[in-house]
Amino acid sequence: MRQSFYLFALKYRGGQKDDEKAVFANSMFNHHDFPKAETSFDKVSLYIEELADPNMAATIFDEIWEYYIEDSK
């Protein structure tokens, strides 16, 4: 069983302030209701779209998701 998207994305935390993946991961960490156990694109994507947090842009999510899928192979 692969790790959740949340756990995968946490590795981007603590990066430079101008690194969009780090901004995304830091914001994700601060949202305590983020779906931490999810491995489903649709469920995580829906959460991000409904939240509409400017620090968690859908385009950055898509980029990190691609890395997540590649890492899972």
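For counting charges here, Lys and Arg are positive and Asp and Glu are negative, while His and the chain ends are left out. Each charge is placed at NZ of Lys, CZ of Arg, CG of Asp or CD of Glu. On that basis, the protein carries 8 positive and 14 negative side chains, and the centres of the two sets sit 7 Å apart.

A word on the model comes next. The structure is a predicted model, in which local features need pLDDT of at least 70 and side-chain atom pairs count only at pLDDT 80 or more, whereas totals for chains, interfaces and linings use all residues. Residues are numbered from 1 along each chain as its sequence is written, and side-chain values use heavy atoms, with hydrogens and water left out.

As for the overall fold, the protein has four helices and zero strands, which gives the pattern α-α-α-α along the sequence. These elements are DSSP runs, numbered from the N terminus: helices are H or I with at least four residues, and strands are E with at least two. The C-alpha atoms fill a box of roughly 30 × 25 × 20 Å along the principal axes. The radius of gyration is 11 Å, which agrees with the value near 11 Å for a compact globule of 73 residues. That radius is taken over C-alpha atoms, and the globule rule is 2.2 Å times the number of residues to the power 0.38.

On the surface side, the accessible area comes to about 4700 Å², with 51% of it belonging to carbon and sulfur atoms. Such areas come from the Shrake-Rupley method with a 1.4 Å probe, and for residues only the protein chains shown count as cover. Of the 73 residues, 36% count as buried. Buried means under 20% relative accessible area, exposed means over 50%, and partly exposed lies in between (1.4 Å probe, protein chains only).

Now for the inside. Nonpolar side chains tend to be buried together in soluble globular proteins. In this model, the largest nonpolar core has 18 residues, and Phe5, Phe24, Met28, Phe34, Ile48 and Ile64 have the most contacts inside it. Helices α1 (5–9), α2 (20–30), α3 (41–51) and α4 (58–72) each supply at least two residues of this core, and α4 gives the most, with five. A nonpolar core is a set of buried Ala, Val, Leu, Ile, Met, Phe, Trp, Tyr and Cys residues joined through side-chain atoms within 4.5 Å.

Contacts (heavy atoms within 4.5 Å) tie distant parts of the chain together: among those with a separation of 6 or more, 58% join residues 24 or more positions apart. Ile64 shows this kind of link. Leaving aside neighbours within four places in sequence, Ile64 touches Phe5, Phe8, Ala9, Tyr12, Lys21 and Phe24. Its partner Ala9 lies in helix α1 and is buried, at a relative accessible area of 0%. The two residues are 55 apart in sequence, yet 7.0 Å apart from C-alpha to C-alpha. With the same neighbours left aside, Ala9 is in contact with Ala25, Met28 and Ile64.

The loops offer a contrast. Lys11 sits between α1 and α2 and counts as exposed because its relative accessibility is 54%. Ala52 and Pro54 both belong to the loop between α3 and α4. Ala52 is exposed at 59%, and so is Pro54 at 73%. Most residues other than glycine have a negative phi. Ala52, though, has a positive phi, near 55°.
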